[in-house]
Amino acid sequence: MSRTLPPPLSPRPHFGDQTPPAIFPPVLGALSLGLAWRQAAEVFPVPAAMGEMILGAVTLLCLFCIAAYALKLARRPGVLTEDLRVLPGQAGLSAMVLATYLVAAALVPLAPGVALALLGAGLALHAGLVLLLVLTLIRGPAGQRRVNPVWHLQFVGVIIAALPAQALGFTLLATVLLGATGMAALAIWGASLAQALREKVPAPLRPLLAIHLAPACLFGSVALSLDRPGLAWGCLGLAALLAGMLLLRLPWLLAAGFSPLWGAFTFPLAALANLVLAMAAAEPVGAMRIAGGLVLVAATLAIPPILIAILRSWARGGLGDKTNAARV
């Protein structure tokens, strides 16, 4: 009796062959969550070590993810431009660069020299990424040049650099970044609003709309660090309005079910927690403390599951295909 042999197993891919940029947005959110817990120690009687533990663990995870993508890039440098042709790739690579600013902010009180080096490296990488992205958009089809929320990460996200810059004493740089990115954000918000009035957003892309919340939160945090409380309160009001709109439309945002684009929820939520907690530390009002605690709890409950789900999808090998990531 003949025995049918099982089909040969497909060769196991080399580590890093299809590292998807989609792993970086939830890592960025987790880094911001660690900073929020560090901030919480100034408002609530929580252990200061909580934020440091989160920041340490997520920084190591971030370095691992960067190393995985660097390995992919070293094997075939052309994957960088290929990843920039799709929205998940644009969002992910932007988040990877922005993560350097958050790591720099985390290291300011611990190792200011390293923080300064990271800040400079982040600014150089960001400039290179934006240049490459602009060239990709110019050479690509017209449909790729449509304004979308991911543009905030690319053209406004450098505002994150103002946080470590101000902490390191570069007040002028932080002020310039606040003004320049503020104008860019207004342009993107305006164009996005006009676009939304004319067209419907496809269900799979709706989670990206959460990114619109992040600039308002970051502007408020930077304004507070620059001792501009009036501007900070104005940004907090705008952030509260945007967050309220997103919360009311949450079922609509989640209509397509879980996808790797849910990573877009993580950083804006953590940025909101950072802003509210910073305001609570500056203005010890009971209502602000309660709001800060609620947003921090929401961020802590939401961000880790999204991060774990996306990393699990990467580990199982399906994340790259789901997000059209380039292969080596």
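Start by selecting H1 and H2, which pack at an angle of about 160° with their axes 8 Å apart. Angles over 145 degrees count as roughly antiparallel, and that makes H1 roughly antiparallel to H2. Keep in mind as you go that this is a predicted model.

**Stop 1: H1 against H2**

Look along the pair and you will find a left-handed crossing of H1 and H2. To see the contact, show side chains on both helices. From H1, pick Phe24, Val27, Ala30, Leu31, Gly34, Leu35, Trp37 and Arg38. From H2, add Met50, Gly51, Glu52, Ile54, Leu55, Val58, Thr59, Leu61, Cys62, Cys65, Ile66 and Tyr69. Colour this set by class and you get 15 nonpolar, three polar and two charged residues in the contact of H1 with H2.

**Stop 2: H2 against H4**

Keep H2 (residues 48-75) on screen and bring in H4; here the angle is about 145° and the axes lie 11 Å apart. H2 passes H4 in a left-handed crossing. On the H2 side, select Leu55, Thr59, Cys62, Ile66 and Tyr69. Their partners in H4 are Leu93, Met96, Ala99, Val103 and Ala106. Coloured by class, the contact of H2 with H4 shows nine nonpolar residues, one polar and no charged.

**Stop 3: the largest cavity**

Now hide the helix pairs and turn to the enclosed spaces. How many cavities of 30 Å³ or more does the structure hold? There are two of them. The largest has a volume of about 140 Å³. To centre your view on it, select Pro25, Ala91, Ile211, Gly263 and Ala264, which lie nearest the centre among its 17 lining residues.

Next, show H1 (24-40), H4 (87-107) and H12 (266-282) as ribbons, since each supplies at least two residues of this lining. Which of the elements gives the largest share? That is H4, with four residues. The lining of the largest cavity holds 14 nonpolar and three polar residues, and no charged ones.

**Stop 4: the second largest cavity**

Move on to the second largest cavity, with a volume of about 50 Å³. Select Leu98, His152, Leu153, Val156, Gly157, Ile160, Ala214, Pro215, Leu218 and Phe267 to display its lining. Two elements give two or more residues to this lining: helix H6 (150-156) and helix H9 (213-225). By class, the lining has eight nonpolar and two polar residues, with no charged residue.

**Stop 5: H9 against H12**

Leave H9 displayed and add H12. The two pack at an angle of about 30°, and their axes are 8 Å apart. Angles under 35 degrees count as roughly parallel, so H9 and H12 are roughly parallel to each other. Their crossing is left-handed.

For the contact itself, select Leu213, Ala214, Ala216, Cys217, Leu218, Gly220, Ser221 and Leu224 in H9. Then add Phe267, Pro268, Ala271, Leu272, Asn274, Leu275, Ala278, Met279 and Ala282 in H12. The class colouring gives 14 nonpolar, three polar and no charged residues for the contact of H9 with H12. You may recognise some names from the previous stop: Ala214, Leu218 and Phe267 also line the second largest cavity.

**Stop 6: the largest pocket**

Finish at the largest pocket, where about 1,000 Å³ of space lies. Zoom to Ser192, Ala196, Val201, Leu209 and His212, which lie nearest the centre among the 31 residues of the lining. Then bring up H4 together with H8 (171-198), H10 (229-248) and H11 (250-253), each of which supplies at least two lining residues.

Which helix gives the most to this lining? Highlight H8, which contributes six residues. A last round of class colouring divides the lining of the largest pocket into 19 nonpolar, seven polar and five charged residues. With H4 still selected, you can look back to its place in the lining of the largest cavity and to its packing with H2.

Terms used:
Residues are numbered from 1 along each chain as its sequence is written. This is a predicted model: local features need pLDDT of at least 70, side-chain atom pairs count only at pLDDT 80 or more; totals for chains, interfaces and linings use all residues. Side-chain values use heavy atoms; hydrogens and water are left out. On a 1 Å grid over the protein atoms alone, a cavity is a set of points where a 1.4 Å probe fits but cannot get out, and a pocket is an open set with protein on both sides within 12 Å along at least five of seven lines; lining residues have an atom within 4 Å of a point. Grid points are joined across faces, edges and corners, and a volume is the space filled by probe spheres set on the points. Ala, Val, Leu, Ile, Met, Phe, Trp, Tyr, Cys and Pro count as nonpolar, Asp, Glu, Lys and Arg as charged, and the others, Gly among them, as polar. Axes are lines fitted to C-alpha atoms, for helices over the stretch in contact, and angles run from 0 to 180 degrees between N-to-C directions. Angles under 35 degrees count as roughly parallel, over 145 as roughly antiparallel, 65 to 115 as roughly perpendicular and the rest as oblique. A crossing is left-handed if the near helix is turned anticlockwise from the far one by less than a right angle, and right-handed if clockwise. Contact means heavy atoms within 4.5 Å.
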